[in-house]
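Trainee: I would like to take a close look at a single part of this model, and then to see how other parts of it are arranged. Could you take me through it in one connected answer?

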Amino acid sequence: MSSTILCTSNLSIGYKTKNNNTVIAQNLNLNFNEGKLIALIGANGIGKSTLLKTLTGIQKPLAGKVTINGANIHKMNPALLALNLSVVLTEKLPPSNLTVFELVALGRQPYTNWIGKLSPTDIAKVNEAMELSQITHLANKKHYEISDGQLQKVLVARALAQDSPIIILDEPTTHLDLLHKVALFKLLKKLTQETNKCILFSTHDIDMAIQLSDEMILMTPEKISQDIPCNFIQDGSFNRLFQDENIVFDSQKGKFIIS
């Protein structure tokens with residue numbers, strides 16, 4: 001039985017303004033267990049990023065709480081949170097001359113001393129993360145000399161080097177071609193199996209997520225549900241994902257088709 005790393009208790013997410021609250025979803029009770037690859041899916045604008053920001057402590061919940069290994073993440077100091085949670089965002093990297101090795105090594109910041117010197121343990125963790133992510137051959141290249149697909153693997157390696165029990169990725173396959181999408185999905189799957197970490201990622205590549213994820217979190221205007229993909233296929237949940245009669249989910253083939 002795998003243990004729960006992160007969970008939500010009666011969580012409400014949304015935005016606070018001076019006059020009122022905009023609620024995106026409420027009473028969410030989600031569990032993220034070790035060794036699981038979990039896909040977050042939903043139509044554009046449904047609130048996936050808001051959910052991820054709340055789960056990672058970037059945004060405060062309207063109600064309820066998010067706990068990681070029993071502690072409320074919105075009350076944790078950033079240094080402690082960094083030991084428990086790694087985040088990979090889609091934003092562009094700031095200009096720098098960092099090599100791939102140096103970029104991955106940034107994941108060790110929660111552990112290094114105040115001058116940021118890497119210990120033999122840090123170096124071993126960086127090398128291990130690069131090996132797991134299959135990017136060792138890129139170590140000495142500048143980060144701007146590699147492709148988008150390779151860079152995405154480098155950012156995953158940086159999160160691995162951080163050595164937290166859960167990694168959360170926001171749209172990691174957005175700018176990738178099909179070949180690199182498949183490679184990244186398979187890498188994430190392999191990492192959950194080999195490291196027993198929990199990996200949660202949001203994606204628009206739903207057909208691929210259905211094939212490779214252990215669990216999915218499905219966001220629709222009515223509710224947010226968590227289950228294994230085959231249960232969502234059986235109960236017709238995927239048909240409620242898009243409010244468009246031209247997009248239909250074929251439960252026999254297990255994928256979306258255009259009618």
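Trainee: How many of the eight residues of helix 1 (residues 48–55) are buried?

Mentor: Bearing in mind that this is a predicted model, helix 1 is mostly covered, with six of its eight residues buried. The buried residues of helix 1 are Lys48, Thr50, Leu51, Leu52, Thr54 and Leu55. Just after helix 1 comes Gly57, which takes a positive phi of about 85°.

From there we can turn to a pair of helices. Two packed helices are described by the angle between their axes and the distance between the axes. For helix 4 (residues 120–132) and helix 5 (residues 148–161), the axes come within 8 Å and cross at roughly 140°. An angle over 145 degrees would count as roughly antiparallel, and helix 4 and helix 5 are therefore oblique to each other. Their crossing is right-handed. On the side of helix 4, the residues in contact are Lys125, Val126, Ala129, Met130 and Leu132, and these meet Ala157, Leu160 and Ala161 in helix 5. By character, the residues of this contact divide into seven nonpolar and one charged, with no polar residue.

The aromatic rings offer another view, since the structure holds five aromatic pairs. In one of them, the rings of Phe185 and Phe201 have their centres 5.3 Å apart and their planes at 70°, so the pair is edge-to-face. This pair links distant parts of the chain, with Phe185 in helix 6 (residues 178–195) and Phe201 in strand 9 (residues 198–202), 16 residues apart. Both Phe185 and Phe201 are buried. Phe249 and Phe256 also form an edge-to-face pair, at 5.0 Å centre to centre and with 75° between the planes. Phe249 is buried, with a relative accessible area of 7%, and Phe256 is likewise buried, with a relative accessible area of 16%. Phe249 and Phe256 belong, together with Phe232 and Phe238, to one aromatic cluster.

Two members of that cluster lead us to Ile233, a residue of helix 8 (residues 229–234). Leaving aside residues up to four places away in sequence, Ile233 touches Phe238 and Phe249, and also Ile210 and Ser251. Finally, the C-alpha atoms of Ile233 and Lys255 are separated by 9.2 Å, although these residues are 22 residues apart along the chain.

Terms used: Residues are numbered from 1 along each chain as its sequence is written. This is a predicted model: local features need pLDDT of at least 70, side-chain atom pairs count only at pLDDT 80 or more; totals for chains, interfaces and linings use all residues. Side-chain values use heavy atoms; hydrogens and water are left out. Axes are lines fitted to C-alpha atoms, for helices over the stretch in contact, and angles run from 0 to 180 degrees between N-to-C directions. Helices (H or I, at least four residues) and strands (E, at least two) are DSSP runs, numbered from the N terminus. Angles under 35 degrees count as roughly parallel, over 145 as roughly antiparallel, 65 to 115 as roughly perpendicular and the rest as oblique. A crossing is left-handed if the near helix is turned anticlockwise from the far one by less than a right angle, and right-handed if clockwise. Contact means heavy atoms within 4.5 Å. Ala, Val, Leu, Ile, Met, Phe, Trp, Tyr, Cys and Pro count as nonpolar, Asp, Glu, Lys and Arg as charged, and the others, Gly among them, as polar. Buried means under 20% relative accessible area, exposed over 50%, partly exposed in between (1.4 Å probe, protein chains only). Rings of Phe, Tyr and Trp (its six-membered ring) pair if their centres lie within 6.5 Å; planes under 30 degrees apart count as stacked, over 60 as edge-to-face and the rest as tilted.
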